[in-house]
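Visitor: Please take me to a single part of this structure, the nonpolar interior and the loops that border on the topic, and go through it slowly. I would like each term explained with its cut-offs as it comes up.

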Amino acid sequence: PWHVSAGRRLNLEEGCEIVGLSRRGIVFGDRCTVGRYGSIRPTNVLMDEPGEGMRMGDHSNLGAFSYVGCSGFVDIGSRVIMGPGVHILAENHRFDLVDVPIKEQGIERAPIVIEDDCWIGARAIILAGVRVGKGTVVAAGAVVTKDVSPYSIVAGVPARIVGNRGEAS
């Protein structure tokens with residue numbers, strides 16, 4: 001528990017799982033929610049070295065049945081809404097050696113940043129090393145494999161820009 005900290009009014013819904021063991025901890029701002037059966041895992045507690053961890057800004061939520069693999073650091077801004085089944089994965093398995101089983105080649109960690117005021121649709125996937133710019137909308141089912149500029153609307157597999165919300169006034 002000393003690896004998990006929260007501001008005021010953290011809402012942890014039924015069946016959620018938070019593994020705190022990490023280098024930078026799991027940090028929630030004020031009025032955050034982890035939805036039903038959501039999972040935050042910086043490491044495999046049985047055999048891997050600790051991952052980096054996660055920070056979630058004020059008034060943000062992780063939807064029901066979502067998963068955050070934060071072995072690479074995951075930084076979620078304020079007022080970010082995430083639908084059910086979102087997956088955020090801050091590591092990839094190495095697989096370049098054909099004479100070594102993939103499971104034995106190790107992993108590469110890369111941070112993920114989701115800036116303030118984003119909407120991540122149901123079952124979207126955000127992969128390691130990606131920055132999602134402020135005010136972005138990620139469509140349901142999209143797979144985000146590279147950085148997204150602020151106020152964009154992205155959709156598809158892999159995700160591509162399909163619109164722009166325009167500059168905030």
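Guide: Let us begin with Ile-114, which, when neighbours within four places in sequence are set aside, is in contact with Asp-75, Ile-76, Gly-77, Val-80, Ile-88, Ile-120, Ile-126 and Val-132; contact here means heavy atoms within 4.5 Å. The model is a predicted one, in which local features need pLDDT of at least 70 and side-chain atom pairs count only at pLDDT 80 or more, whereas totals for chains, interfaces and linings use all residues. Residues are numbered from 1 along each chain as its sequence is written, and side-chain values use heavy atoms, with hydrogens and water left out.

A nonpolar core is a set of buried Ala, Val, Leu, Ile, Met, Phe, Trp, Tyr and Cys residues joined through side-chain atoms within 4.5 Å. Accessibility is sorted with a 1.4 Å probe on protein chains only, buried being under 20% relative accessible area, exposed over 50%, and partly exposed in between. The largest nonpolar core has 31 residues, and Met-54 and Ile-114 are those with the most contacts inside it. At least two residues of this core come from each of S4, strand S7 (54-56), strand S10 (74-76) and strand S15 (112-114). Strands (E, at least two residues), like helices (H or I, at least four), are DSSP runs numbered from the N terminus.

From the core we can move to the loops, starting with Ser-71, which is found in the loop between S9 and S10. Ser-71 counts as buried because its relative accessibility is 4%, and its side chain makes a polar contact of 2.5 Å with the side chain of Glu-91. A polar contact is a pair of N or O atoms within 3.5 Å; within protein, one must be able to donate a hydrogen and the other to accept it, and residues adjacent in sequence count only if both atoms are side-chain atoms. Beyond four places in sequence, the contacts of Ser-71 include Arg-41, Pro-42, Glu-52 and Arg-109.

Glu-52 also appears beside Arg-24, which touches Glu-52 and Phe-73 once residues up to four places away in sequence are not counted. Arg-24 lies in the loop between strand S3 (17-18) and S4, and is placed over the face of Phe-73, at 3.6 Å from the ring centre. A charge sits over a ring if NZ of Lys or CZ of Arg is within 6 Å of the ring centre and within 35 degrees of the ring normal. Arg-24 and Phe-73 are 49 residues apart in sequence, yet their C-alpha atoms are 8.0 Å apart in space.

On the other side of S4 in sequence, the loop between strand S4 (26-28) and strand S5 (33-34) holds Asp-30. A polar atom of the Asp-30 side chain lies 2.8 Å from the backbone nitrogen of Arg-8, and Asp-30 is in contact with Gly-7, Arg-8, Asp-58 and His-59, its neighbours within four places being left aside. His-59, in turn, is found in the loop between S7 and S8, and its phi is near 60 degrees, a positive value in a residue other than glycine. Most residues other than glycine have a negative phi, and most peptide bonds are trans. His-59 has a relative accessible area of 33%, and is therefore partly exposed.

Asp-117 likewise has a positive phi of about 60 degrees although it is not a glycine; Asp-117 is found in the loop between S15 and strand S16 (119-120), and its relative accessibility of 37% is why it counts as partly exposed. A cis peptide bond joins Val-157 and Pro-158, with omega about -5 degrees, and Pro-158 lies in the loop between strand S21 (152-155) and strand S22 (160-164).

Last come the cysteines. A disulfide is a pair of cysteine sulfur atoms within 2.5 Å, and by this rule the count comes to 0 disulfides. Cys-16 is in no disulfide, the nearest cysteine sulfur, that of Cys-32, being 12 Å away. Cys-16 is partly exposed, because its relative accessible area is 21%, whereas Cys-32 is buried, with a relative accessible area of 0%.
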